[in-house]
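Work through the exercises below with the sequence and the model at hand. Each task is followed by a stepwise solution.

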Amino acid sequence: MKKSVAIVGATGYTGAELIKILINHPYFEIKTLFSSNGGEKIEEIYPAFKGVFEADIKKAEIDEIAKHDLVFLAVPHKTAMAFVKELYGKTKIVDFSADYRLNLENYEEYYCPHIDTNNLKNAVYGLPEYFREEIKNSNLVANPGCYPTATLLGLLPFADFIEGNVFVDAKSGVSGAGKKLSETTHFVTIDENMFAYNPIKHRHSIEIKEKSGIENINFVPHLLPINRGMMISIYATLKEDIDVTNILKEAYKNEKFIRIKDKPVDIKSVAGTNFCDIFVMKNGNSLFINTAIDNLLRGASTQAVVNANIMMGYDESTSIPQIAYIP
């Protein structure tokens, strides 16, 4: 019997990606879609679903959401913790927001007052390569942010070998900003253009610092004039002479969604997949790490389904797309 699944926040890009993944899942069945107001149909919001997956979207109410075996919360920070506070212990939860990724001090400094501090200790950070065993026994997974996912997967194998400042040059497609319109995502602003935003002080910088244990990280995100995809370039200084390629290969030798490349990575090779491609090289004691992911998938929805698969005891690659969009 398939597990009953609810998606809260189904009208956003990550909610739509969840539907695309889950409609072919052999063990999960989407039973209900929820949004803040309800009263819509998913096939009207996304005409691509017409004749494939059609469903009413209901107003999100705790009692209705709690009836499901598994809940994906594809909602913003603050909204998510209001749900989790009432849902925890009644169903398994994968939360897309930042509400359970950080310790209390860091969260409240970079986001807002936390209203569910009791459940911070119950949440597991959902980076499978590093927290797989904890995820297996969890009822609440904090799905990592897209920038931290791409950065941490490149940086963590070398965390013990670097010293001094680490510089993270991060670039994302426009879908990373979500569906809400803004001046920076306006066509005439982003078309044939690229720019940094919120450099050094971006909220994701604290997530990278906390999870890597490296304090001196300078994180600068940029917006690219593409729909989806993310590329990270990390610059650091090595404190000893090491074989950087062997260290990377050893770190991920058993990981099916990490691909070690012998040349700098590109976005199109990962778009539409859960892969993180990584390239590394050094010049003397200067270290360069280059990663690429699909920001909506490995940075959100496929990683969330991988986490759900692990939580439910299924093979983590079940229903996860593995071939990039061509062309």
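**Exercise 1.** Leaving aside neighbours within four places in sequence, which residues is Leu70 in contact with?

Solution. The model is predicted, so local features need pLDDT of at least 70 and side-chain atom pairs 80 or more, while totals for chains, interfaces and linings use all residues. Residues are numbered from 1 along each chain as its sequence is written, and side-chain values use heavy atoms, without hydrogens and water.
- Contact means heavy atoms within 4.5 Å.
- By this criterion Leu70 meets Ser4, Val5, Ala6, Phe28, Thr91, Lys92, Val94, Ala308 and Met312.

**Exercise 2.** Place Leu70 in the largest nonpolar core.

Solution.
- A nonpolar core is a set of buried (under 20% relative accessible area, 1.4 Å probe, protein chains only) Ala, Val, Leu, Ile, Met, Phe, Trp, Tyr and Cys residues joined through side-chain atoms within 4.5 Å.
- The largest one has 42 residues, and Leu70 is among those with the most contacts inside it.
- Elements supplying at least two residues each include β1 (3–8), β5 (70–73) and α11 (301–312); helices (H or I, at least four residues) and strands (E, at least two) are DSSP runs, numbered from the N terminus.
- α11 gives the largest share, 7 residues.

**Exercise 3.** Which strand does β5 join through 4 bridges?

Solution.
- Two strands pair if DSSP finds at least two bridges between them.
- β5 is joined to β6 (residues 92–95), and the two run parallel.
- Within this pair, Val71 stands opposite Ile93.

Notes:
Buried means under 20% relative accessible area, exposed over 50%, partly exposed in between (1.4 Å probe, protein chains only).
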